[in-house]
Amino acid sequence: MDANGNDNIDPSDRRRVVRPKSGLVNREDTDVAQQSLMADRYYREMETQDFENRDLEFVYDDSDSPLNEIAELYSYTEQPEFQLNVKAFEDLMEDAQLSPSWQKLDREKQKSLILKWLDLLEMSKSESRMRAARCFLYLSQGCWAEQQSDEEQQQATRDNVMLLNECGVFFAFVDLLNINIENSVASISAQSKLAVSLADSTDLRVILSVLYIIVEVMRLSLTDSDENYRKQAEQFHSDLAHSSGEDVLSVQLLSMVTRFCSGSAPHFPMKKVLLLLWKVILLTLGGMSVLKKLKSEYRKEAGLPIIEEDTIEIAQSMRPSSPPASANDLLVAQDNQQSKRRFRRNLMKQGSLDVNSALDFESSDQSEQDDRDMEERDPDTPRTPSPIVSDPEPEPEPELKAKGLPWMPKVRGKDLDNFLDNTRMKFVGFPLHGDRDTLIGLPEPIHEGVAVLKQHMYTSLAELQIQKEEVMAKSPFSVQEPDVPLTPAEILYQAMLPNLPQYVIALLKILLAAAPTSKAKTDTINIMADVLPEEMPMTVVQSMKLGTDVNRHKEIIVKAVSGILLLLLKHFKINHVYQFEFMSQHLVFANCIPLVLKFFNQNIMAYVRAKNVIPILDFPACVIGEQPELTVESLEIGDNQPYSWRNVFSCVNLLRILNKLTKWKHSRIMMLVVFKSAPILKRTLKVRHAMMQLYVLKLLKMQTKYLGRQWRKSNMKTMSAIYSKVRHRLNDDWAFGNDLDARPWDFQAEECALRGNVDRFNNRRYGSGPDSELKSTVDTSIQSVLGQDIELTEEFKQHYEIWLHQVLSVNVNWDELIDKAYL
C-alpha cells in the first residue's frame, strides 16, 4: 500500500483478486462460466426459434378436455381441502351406521341417503349445512378415495351427478348459494380485513364447486351415447334455459361479479364464479354447433339461402403463414447470428468440439436459415425438404387443394347501390335510388359487373332485422309488434337488460386485473382472494408452487371472461342485431378495445407457450394413486405440451370479440388506428396458428385504408397474406383508401344514430323508457271512457266557463283525423 492508501498490485497479479466472502476467482473459471451462460442462452434461443417455426397443433373448440376443465376449477392451494370432503362423508356415513363405501350401496339406499342429507342443507347451523355440502362435493367428485384410476373416477362422477340431479340436489344448492350471497356477516368481516385469503370463501367455494361439476357433466351428457343420461341432461338443460326473472342463474352470478367489483363482497371466489357462469351460458345458450344450427334455422324462416360455409371449419383447415419480419426482428436476428458465431469460435478454440462436428453444426444451422428464408418468400408454399435427405417425398394431394382462395366473395346490398349510383352519375347524369334492375343507358361491361355483383349478393339476418325496425319506427301504430319467441337468448337478454352496463363494466374490470400486462395498483380489485393461503410459503418449492398457481389463476380468469363475452355477443347477434349492438356499444364505452390491445401488447409467443401448470397437483392426479414428493424437479413432471391450450383459446376469443366490435363500424376502426394497433397485431402474427392469424389479418384489413400508402408499401407481405386468407368483398377498396363511407366527420353521427335506434328498440319491445307509454293499450270505447270518474281540480272548476268559451269558439273539422295523410 502506498502513501495515498492505494493497493500496489502488480498488473501481472491481477488474474487472482481477493474478494470478500467469495474466495479466489480465477479468470479462466470466469470465462468458463460465461461460456456456460452463453451456451444456455444459445440453446434457449434455438428452442424458441424451433417453437416459432413450428405450426401450433391447437384445435379450437367450445372448451378444453373434460379432465382439464375440472382440474382448472381447483387452485393448487385448495389441495388440503380434498381430505375434508372425505372426512365429512365418513362422518355422515358413520351417523347412518354404514361403512364409508359409496360404491357398495345399492341405488335405492344411495337415494335415501341423499334425500336425508338434503334435509341437513336446510338446518340453521352453518356447520351442519356445510358438512352435508362437503359430502355432496365428495360424491360429485366421483368418490375418488374408492377409485384406482382416472377413468374410474370420471365414470363414478357421471353416475353420481345423474343421481344427485335426479334427487334435486342442484336447485337445492342454488338456494344455498343465495343464502350465502346474502350473508352480510361474511361480507362485513371480509371488508374489515387488510388481505382477504382462501379461508374467507370456504363455504362459497364448496357450493360453487358442486354446481360447476353438475353443470359440466350435464353439458357433456347432451351428446352421451347412453339414452337415459342424454334425456336427463336434456331435461336439465330445458329447466335451466327456460327459467325466468330472478331465477336465471346467469343473472345471479353476474350480480355476484358486480358486487365483487364494487367492493361490497371482496371474499367472493371470482374464478369459480366466472367458470360457473361461462359453463351455464355455454349449456343454456349452446356452443358453436348450436350457433350454426340456429343461424341456418333463422335464415330459412326469413326466406334467405342457407350458407354452407363455416368460418371455424374453414379456418381450421387453412395453413398458417410465416409471419412477416419487422425491422426490429431483423436486427435481433443479426445480433443472434453474430453471438452464435462467437460462441462457436469459443467452443472450437477450447477444443470441446472437433472440426467435423463444428462444420456439421454450422452447415445444419445454415440449412435451417435457408429453409426459413424460402418460407418467408412464399408463405403458402410447403417447405421443401433439405438437400441432405436422399429420398424426398412429395407433398400429399390435400395440401395442393388447400391453395387458392378459401372463401366465396360476398357483396352487400349497399355496395351494389353505391356501384349503380356512381355509374349512373357518370354515364346518365342522375341516380335512381333503390332501383337495382334498371340499366338503361349503361354500357355492356357495367351490365356484366352488376350481374356478377348480384350473383354474390349476401343478405344477412341483421340487415333484415334493421329493415323491419326502420318500418316499425316510421309507422309505430299501424305496424304490429311481432310475437317474440322466448328463446334462451331472449330470456337471458330480458333478465340482463336493466343492469347490463354494470355487468359489462364488471367483467372488463376483472379482465383488466387478470391481464398479464396490467400493473399492480392499490385501487384495483383483488382477484387473488381465492388462491392466496392464510400463511405465506416458507420454502423455495412452496414459493414456486404459489407463483405458478397465481399465474395459472389469472390465465383461467382470462379464459372464462373471454368465453363469456364472446358467447353473449354471438347469441345476441343471432337473436336480434340490436341486442348485440346494445351490448357492443357498452363494451366500447367501457374501453374494451384499448383493453384488448393492451392485452396483446406483450410477448405473445411467451404467453402462448407459458407452462403455468403442475400436472401432479391437478385433480384427480393429486388424490389418486401414490403421490410423489414435491420437489423442484417433480413440479415439471408430465408437462410436455409445447403450448398452453387455455392461453391460445383466450387469444382467439379476444381477437374474435375485437372483430365483432369493429366490423363495419368506421368510428371503432379509427380507434384501432388511434391506439396504434397495427404493430401490436402484426407481432401477433408470429403465432403460427391459422385461425388466430385469420382474425388478426381481418383487423389489419379493415384499418389498412387509414394507415397510409407508406405503411402499405412497407408491409407488402402482410397485404399478400390478407389477400390470400381473408374473404374478398367485391368493390371493396380496402387496399387503396378510396372508401366513401370512411369520412371522419361522420363518425360521431354514426354512433349517435346507432344508439338512438337501439334505445328505440329497447323502449318499444321491453318498455324500458318513457316512449313505452305511447305503445300502451288505448281504450277506444266511448261509453267506457265517458263513464270514468275524473276528479277535476279546483282551479279548473273556477275557470270552467273560460275553457268552454275557448273550445266552442274554434271550428274543428274532426273528419280530417281519419284522412290518410294523418295516418
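This talk walks through the charged and aromatic side-chain contacts in the structure shown above.

Please keep in mind throughout that this is a predicted model, and that residues are counted from 1 along the chain. Let me begin with the charged pairs. Side chains of opposite charge can pair when their charged atoms come close. In this model there are 32 salt bridges, and I will take three of them in turn.

The first one to look at joins R646 to E72, whose closest N and O atoms are 3.0 Å apart. R646 belongs to helix α27, which covers residues 645–662, while E72 sits in the loop between α2 and α3, so this pair ties together parts that are 574 residues apart in sequence. Both ends are out of the way of solvent by our criterion, since R646 is buried at 8% relative accessibility and E72 is buried at 4%. The two also belong to a network of salt bridges, in which E69, E72, E216, R219, K279, E555, K559 and R646 are linked.

Next, consider D95 and R131, which form a salt bridge with 3.2 Å between the closest N and O atoms. Here the partners come from helix α3 and helix α5, so the bridge connects parts 36 residues apart in sequence. D95 is partly exposed, at 48% relative accessible area, and R131 is partly exposed as well, at 33%.

The third example stays inside one helix: D549 and R552 meet in a salt bridge at 3.9 Å, N to O, and both lie in helix α23, three residues apart, which is about one turn of the helix. D549 counts as buried at 1% relative accessibility, and R552 counts as buried at 2%.

Now to the rings, where the count comes to 28 aromatic pairs. One of them is the tilted pair of F58 and W645, with 5.3 Å from centre to centre and 50 degrees between the planes. F58 is in the loop between α1 and α2 and W645 is in helix α27, so the pair ties together parts 587 residues apart in sequence. F58 is buried at 5%, and W645 is buried at 10%.

How are the rings of F89 and W117 arranged? Their centres are 6.4 Å apart and their planes stand at 80 degrees, so the pair is edge-to-face. F89 lies in helix α3 and W117 in helix α4, 28 residues apart. Ring pairs also join these two to W102, F136, Y138, W144 and F173 in a cluster.

Finally, the charged end of K410 sits over the ring of Y458, 3.8 Å from its centre.

How values were computed. Predicted model: local features only at pLDDT ≥ 70, side-chain atom pairs only at ≥ 80, totals over all residues. Heavy atoms only, no water. Salt bridge = Lys/Arg side-chain N within 4 Å of Asp/Glu carboxyl O. Helix = DSSP H or I, 4+ residues; strand = E, 2+ residues; numbered from the N terminus. Buried < 20%, exposed > 50% of the residue type's maximum accessible area, 1.4 Å probe, protein only. Phe/Tyr/Trp six-rings, centres within 6.5 Å; stacked < 30°, edge-to-face > 60°. Lys NZ or Arg CZ within 6 Å of the ring centre and 35° of its normal.
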